[in-house]
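Reader: I'm new to this one and would like some help reading it. Could you walk me through it feature by feature?

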Amino acid sequence: MKPRYYIVLIAVLVALFATPLLLSPSAEYGGADSAAETAISDTGYEPWFSPIWEPPSGEIETLLFSLQAAIGALIIGYFIGYERGKRAKT
Amino acid sequence: MHIMEGFLPHPWWEIWFIIAIPFISYGIYRMSKVTKKIPEALPLLALMGAFVFVLSALKLPSVTGSTSHPTGTGLAAVVVGPGITSVLSLIVLIFQALLLAHGGLTTLGANVFSMGIVGPIAAYAIWVTCKKMRISSSVSVFLAAALGDLLTYIVTSIQLALVFPTSTGFFDAFLRFGSIFAITQIPLAIGEGILAVILFDFLAKYKGQLLATMKVIKLPHSTNTEEATTP
């Protein structure tokens, strides 16, 4: 792919996830997983097992999610840089 | 697609574990076989694991006014095969169950089944079919990743509808969970498809030989004339 296709694809990505925020700015944007959780709890179901450990606050949860993304992004970035550097040398 | 901890009663959570175990065992077998036969493939396994890690951490907004996350397993299935992808998914799901209280240990079997088994197998099947029809690699990867992602969420809806049917039955419950999961997922699946195309394009450019050794793509001098494989 030529670089300009990358630019188009990345623009589509940004548009894809900016559109909902622009169209319905006042929506809750809660997680679909917890929406399903609520739908089930509404039937009167009680979960029989709770997580053995929960992040003590929303901030800690965000920290751990960021860490997950950062670990992944680090490996991807290392791989791409390594391969490009190797090719540039030869 | 994470079914929360404790939300699958007996006997369902055991059933999904029993179904998932053979696939995971096969995945571990494939992993040791591939890394022994093609040691150069090991960085690719790490790369695909990392891709799943990043994508499943991104909670993205959707047109339904709620958020969800992509899976990254479609591209992994194309590059390292669905078996190994099952193992990569298991690792991510354990990380999220233990550290994020996202998903759960009792629902691990069910979540591995949707994200790590059905999604990847579907993505791989779509990829193989598209290649047979001589569809370009980019379009094939896009369809495999996007539809694999979407199917994962459809499976989650089915899993929940089986356990929690409404008074009018399974199908009504399936539509209800489907509207929570699958509709939200449509723009995310498209996004995942695009990201998968970008990374696959890089791999085809820089690791074409390795991908050919792993029988993911054929290099131009054989029968296939694929623009993406030119260095």
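**A helix and its surroundings**

Author: Let's begin with a helix in chain B: of the 25 residues of α5(B), 19 are buried, so this helix is largely enclosed by the rest of the structure. Bear in mind that this is a predicted model.

Reader: How confident is the predictor in chain B, and how does the model score as a whole?

Author: Chain B has an average pLDDT of 94, and 95% of its residues score at least 70. The exception to keep an eye on is residues 222-231 of chain B, where the pLDDT is below 50; that stretch has 18 contacts in the model beyond near neighbours in sequence. For the whole model, ipTM is 0.94 and pTM is 0.93.

Reader: Back to α5(B), then. What span does this helix reach, and where is its kink centred?

Author: A general idea first: an α-helix has 3.6 residues a turn, so residues three or four places apart point the same way. Here, α5 of chain B covers residues 108-132 and reaches 35 Å from first C-alpha to last, close to the expected 36 Å. Its kink, about 30 degrees, is centred on S114(B).

Reader: And what comes just after that helix?

Author: Just after α5(B) you meet R134(B), with a positive phi of about 60 degrees. As a rule, most residues other than glycine have a negative phi, and most peptide bonds are trans. R134(B) lies in the loop between α5 and α6 of chain B. With 10 other C-beta atoms within 10 Å, R134(B) is exposed.

Reader: Which residue of chain A has a positive phi, and where is it found?

Author: Look at Y29(A), whose phi is near 55 degrees. Y29(A) sits in the loop between α1 and β1 of chain A, and it is partly exposed, with 17 other C-beta atoms within 10 Å.

Reader: You mentioned trans peptide bonds. Which two residues are joined by a cis one?

Author: H10(B) and P11(B) are, with omega at about 5 degrees. You'll find P11(B) in the segment before α1 of chain B.

Reader: How should I read the nonpolar core?

Author: In soluble globular proteins, nonpolar side chains tend to be buried together. In this model the largest nonpolar core has 87 residues, and M48(B), F51(B), L75(B) and V78(B) have the most contacts inside it. Helix α7 of chain B gives the largest share of this core, 15 residues. Take F51(B): its contacts include G72(A) and I76(A) from one chain, and L75(B) and L199(B) from the other.

Reader: Is F53(B) buried or exposed?

Author: Buried: 25 other C-beta atoms lie within 10 Å of F53(B). This residue belongs to helix α2 of chain B and touches Q68(A), I71(A), G72(A) and V92(B), leaving aside residues up to four places away in sequence.

Reader: What is chain A like on its own?

Author: Chain A has three helices and one strand, in the order α-β-α-α from the N terminus. Its radius of gyration is 20 Å, well over the 12 Å that the globule rule gives for 90 residues, so chain A is more spread out than a compact globule. Of those 90 residues, 13% count as buried.

Reader: How many residues does each chain bring to the contact?

Author: Chain A brings 47 residues and chain B brings 48. On the chain A side, α1, β1, α2 and α3 each supply at least two residues, and α3(A) gives the largest share, 14 residues.

Conventions. Residues numbered from 1 in each chain as written. Chains lettered and ligands numbered in written order. Predicted model: local features only at pLDDT ≥ 70, side-chain atom pairs only at ≥ 80, totals over all residues. pLDDT = per-residue confidence, 0-100. Contact = placed C-beta atoms within 7 Å. Core = buried A, V, L, I, M, F, W, Y, C linked by C-beta atoms within 7 Å. Buried ≥ 20, exposed ≤ 12 C-beta atoms within 10 Å, placed from the backbone. Helix = DSSP H or I, 4+ residues; strand = E, 2+ residues; numbered from the N terminus. Expected span 1.5 Å × (residues − 1). Bend = angle between axes of the 7 residues up to and from the residue. Rg over C-alpha atoms; globule rule 2.2 N^0.38 Å.
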